[in-house]
Amino acid sequence: MKHFDVIVVGGGHAGCEAAAASARSGAKTALITLSKRDLGVMSCNPAIGGLGKGHLVREIDALDGIMGRAADAAGIQFRLLNRRKGPAVQGPRAQADRKLYQKAISELLQNQENLTILSAEVYDLIVQNNHIQGVKLADGQEVFSRSVVLTTGTFLRGKIFIGDIVYPGGRMGDKPSIALAQRIESLGLAMGRLKTGTPPRLDGATINWEILDEQPGDEEPVLFSYLNKAPAVQQISCGITHTNTKTHDIIRLNLEKSAMYGGFIEGVGPRYCPSIEDKIVRFSDKDSHQVFLEPEGLDTNTVYPNGISTSLPESVQFEYVRSMVGLENVKILQPGYAIEYDFIDPRSLNDTLGLKALDGLFLAGQINGTTGYEEAAAQGMVAGLNASFKSREMEPIRFSRADSYIGVMVDDLIHRGITEPYRMFTSRAEFRLSLRADNADQRLTRLAVDRGFCSNDRRILFERKQDAIAAATGSMMNATFTPKQIQACGIQINQDGNRRSVFDLLSLQNVAQGDIEKLWPEISTINSEIVDQISIDALYSHYIERQTKDQAAIKKDEMHIIPTDFDYQNMSGLSNELKLKLKRALPGNLAQAARVDGMTPAALMLILAKIKQGVRSRAS
């Protein structure tokens, strides 16, 4: 009989991050996965990051997570998306070597103190008095714990579709989880079906690369982890081809053979990552769509054609792929397919990603209706930490919309729910000017240090960086110059007689470090990374001052905790409709209550008064 503080079920991106976070925070943790060889497997696109997603990876790393370090170890091409736009909407992305990524994840987990990895299938949950007690394995064994994190990915009653061929599968080559899905359903939770898809994999040796456009990586790569400075392995270029009218004609003529358009699939797919069939139907005015040919590793010929995921029959895939330039003689190594699976309505969760209906059970990843490795890993971080703290009766950790994209995602999921697979975008964050990828460590690493789940090496590096930024910022603010002095150095400034500091000048859009060096040579003695960080902070400083008041208001409301047994029903002044919505949503604090549909300022004040009345009663 085995006993742990926390059990994590599933070895995908959510499970690996949850297990690492739980163990790192001091809990005796078990990660149970079907196969140790599949830890961190990239079942779809071999890439990490992007717009919004890259912000999540940076935040995971700032909290001492493992995804960013693994991506850096496996990255074979790094690109900063939206480089021409402002830093707030720039997103780091890395094309990864599948094998190297899995190897990095496996090594990070194997070297993690307090973590035991078990190869087994979880068959059932052990529940007593509405509290999770552990799990039952398919071989009859029982493993006990104080908290459990479920990260089932696409395995819950998963079905794979290739045209009219349908068979059970959690992903290509793996069986689904039926018994566990039935057990979860027995808990009475609201569930639904979602779908996602993947493109055919191509043999790169049969691609005519010479006639294709080349997409190289950045000359100055931007990595994910604050611990790393340069890529670890050889860098490569990707290729670019396009669909054409012939491609589109082939797909249109065979739409009824698609699993989705043929009526075989019930689940809703991701609107922002459509299949090639979706693109042809929804964007019928377009004659061409870009396709990125992304090598899956340094020692393999397998190529991922990003942009043509499909559930068409294999013969049709073969025909439409070969209609594209450079792919006329290509060989398909694995057909594309769609996969449909169960998910649980994330409104069943609280802001720790724990189930409201079953104490000690946490959910993370696609089981919550999200899509993407990065969204899954970020949820794994939240669930793993809170499962750990719950098991040891410690205060939970909560992330706010005001301090992180992680907080934005959790809040979106538990209050708005989902109508399609949830994907992170920068547009979802109302405070995105301050929630940038470049400053994730400044926002979150201190939290990891204070709560005891940050390594000593990262703590030292972070504190040195913060000290350097503080010292350099102070020097820049103390170095002031007249408008005449500034203009004499080639910087155009309003001649209003007001002295301006070097920090003020860095906030101007068209002022380069070289211009300031003529005025204040000391800037050349400061580490360039520190100057770059201060320049970005300065650029957004005026805008962030306006956001600070709104962020403070949210933080203040989040301090007003609403007890789980709060009695809305007997409150006078609330409409019956709003009482019903509040009872269903069970907001954890005043900020969450404010986002319940139909909430009014007057109703919010009534709830606040009731909370304060309860606090006074307990105090007396």
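In what order do the three strands of the open sheet with antiparallel pairing stand? The order is S3-S5-S4, in a model that is predicted, where local features need pLDDT of at least 70, side-chain atom pairs count only at pLDDT 80 or more, and totals for chains, interfaces and linings use all residues. Residues are numbered from 1 along each chain as its sequence is written, and side-chain values use heavy atoms, with hydrogens and water left out.

The edges of this open sheet are strand S3 (47-49) and S4, each of which pairs on one side only. Here, strands (E, at least two residues) and helices (H or I, at least four residues) are DSSP runs, numbered from the N terminus, and two strands pair if DSSP finds at least two bridges between them. On average, neighbouring strands of the sheet are turned by 15 degrees against each other, direction ignored. S3 runs antiparallel to S5 and is joined to it by three bridges; Ile48 stands opposite Ala94 in S5. On the other side, six bridges link strand S4 (residues 75-81) to strand S5 (residues 91-96), again in antiparallel fashion, and Gly75 faces Ala96 of S5. Strand S4 is mostly covered, with six of its seven residues buried (under 20% relative accessible area, with a 1.4 Å probe and protein chains only).

A further open sheet is built from four strands, in the order S11-S10-S19-S12, with antiparallel pairing. Strand S11 (165-168) and strand S12 (191-198) are its edge strands, each pairing on one side only. Neighbouring strands of this sheet are turned by 25 degrees against each other on average, direction ignored. Within the sheet, strand S10 (residues 159-162) and strand S19 (residues 337-344) run antiparallel and share three bridges. Ile160 has Ile339 in S19 as its bridge partner.

Turning to the helices, helix H6 (residues 245-253) packs with helix H8 (residues 314-321) at an angle of about 165 degrees, their axes being 9 Å apart. Axes are lines fitted to C-alpha atoms, for helices over the stretch in contact, and angles run from 0 to 180 degrees between N-to-C directions. H6 is therefore roughly antiparallel to H8 (an angle over 145 degrees). In this pair, Thr247, Ile250 and Ile251 of H6 meet Val316, Glu319 and Tyr320 of H8, where contact means heavy atoms within 4.5 Å. By class, this contact has four nonpolar, one polar and one charged residues.

Methods. Parallel < 35°, antiparallel > 145°, perpendicular 65-115°, else oblique. Nonpolar A, V, L, I, M, F, W, Y, C, P; charged D, E, K, R; others polar. Buried < 20%, exposed > 50% of the residue type's maximum accessible area, 1.4 Å probe, protein only.
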